[in-house]
Amino acid sequence: MENKVGQLEQLGKLVQPSLEYKASFIEAMREFQAEGKKLNIDIEDLENNFNEFLEKIVKDDDLPDDQIPQTVLWLVDRNEFIGRVSVRQQLNERLLKEGGNIGYEIRPSKRKFGYGSKILELGLPIAKGLGIHKVLLTCDDDNVGSVRIIEKNGGVLDRENPKIISPDSGKNVRRYWIEVK
């Protein structure tokens, strides 16, 4: 047991988005693009205007009406960008159905190494620090990796809302609640 805990502690730390991780962040965006994920950013523009990109993700004061302020942190390991976690202090109607208080993603080349569990484990105290004591997380019903990560971190399946369909993927959405202690 002690070995496993030691391994998790070595899986990285959460940091503020930073220019220091530009190269590995851009590599990660290329990985997401290669797996077919639709990016909201142009990689060439990102390479040329990384500081502007950082300013936008750190600032929450110019958000469109349909977006919620969020705290965005990056998981890094040995100075390499591994993934990101977003903690939302409040929920709108869309996030109540799909998205929840915490969203996270791990770059494709770093999946199945324990980073998903680690990023959620590290994100829960951030939520607590923002005054959130009951956290909503969602995932597609067929996303076995996310189901395991959420359940490993104490997620309890919401049985009151069993039939939510994602407007984006058309798949059933699982909703989980985690009591943050």
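Buried means under 20% relative accessible area, exposed over 50%, and partly exposed in between. The legends below use these words for a predicted model.

**View 1. Aspartate 77 and arginine 78 pair through their side chains.** The salt bridge between them spans 3.4 Å, N to O. Is aspartate 77 buried or exposed? Its relative accessibility is 6%, so aspartate 77 counts as buried. Arginine 78 has a relative accessible area of 74%, so arginine 78 is exposed. Side chains of opposite charge can pair when their charged atoms come close.

**View 2. Arginine 107 meets glutamate 31 in a salt bridge.** The closest N and O atoms are 2.7 Å apart. This pair links distant parts of the chain, 76 residues apart. Arginine 107 sits in the loop between β4 (102-106) and α6 (115-129). Glutamate 31 belongs to helix α2 (residues 22-34). Arginine 107 has 1% relative accessibility, so arginine 107 counts as buried.

**View 3. Arginine 111 and glutamate 35 form a salt bridge.** Their closest N and O atoms lie 2.8 Å apart. Which parts does the pair tie together? Arginine 111 is in the loop between β4 and α6, while glutamate 35 is in the loop between α2 and α3. These parts are 76 residues apart in sequence. Arginine 111 is partly exposed, with a relative accessible area of 33%. Glutamate 35 is partly exposed as well, at 41% relative accessibility.

**View 4. Salt bridges join several residues into one network.** How many salt bridges does a search of the whole structure find? The search finds 14. Some of them share partners, and these join Glu27, Glu31, Glu80, Arg107 and Lys110 into one network. The pair of Arg107 and Glu31 was the subject of View 2.

**View 5. Helix α4 has a buried side and another side with exposed residues.** Which residues of α4 are buried? They are Phe50, Phe53 and Leu54. These three cover an arc of only 100° around the axis, so they lie on the same side of α4. An α-helix has 3.6 residues a turn, so residues three or four places apart point the same way. On the other side of α4, Glu55 and Lys56 are exposed.

**View 6. Asp42, Glu44, Asp45, Glu52 and Glu55 form a negative surface patch.** Which helices each supply at least two residues of the negative patch? They are α3 (43-48) and α4 (50-58). Aspartate 45 is found in α3. With 41% relative accessibility, aspartate 45 counts as partly exposed. Glu55 belongs to this patch, and Glu55 is also one of the exposed residues of α4 in View 5.

**View 7. Glutamate 105 lies in strand β4.** Its relative accessible area is 19%, so glutamate 105 is buried. The cut-off for buried is under 20%. How far apart are glutamate 105 and serine 146? They are 41 residues apart in sequence. In space, the C-alpha to C-alpha distance is 9.6 Å.

**View 8. Glycine 123 lies in helix α6.** Is glycine 123 buried or exposed? Its relative accessible area is 0%, so glycine 123 is buried. Glycine 123 and arginine 84 are 39 residues apart in sequence. From C-alpha to C-alpha, they are 9.8 Å apart in space.

Notes:
Residues numbered from 1 in each chain as written. Predicted model: local features only at pLDDT ≥ 70, side-chain atom pairs only at ≥ 80, totals over all residues. Heavy atoms only, no water. Patch = residues over 30% accessible without salt bridge, like charges linked within 9 Å, V, L, I, M, F, W, Y side chains within 5 Å. Areas by Shrake-Rupley, 256 points an atom, 1.4 Å probe, with all protein chains shown as cover. Salt bridge = Lys/Arg side-chain N within 4 Å of Asp/Glu carboxyl O. Lys, Arg positive; Asp, Glu negative; His and termini not counted. Charge placed at Lys NZ, Arg CZ, Asp CG, Glu CD. Helix = DSSP H or I, 4+ residues; strand = E, 2+ residues; numbered from the N terminus. Buried < 20%, exposed > 50% of the residue type's maximum accessible area, 1.4 Å probe, protein only. Arc of directions from axis to C-beta.
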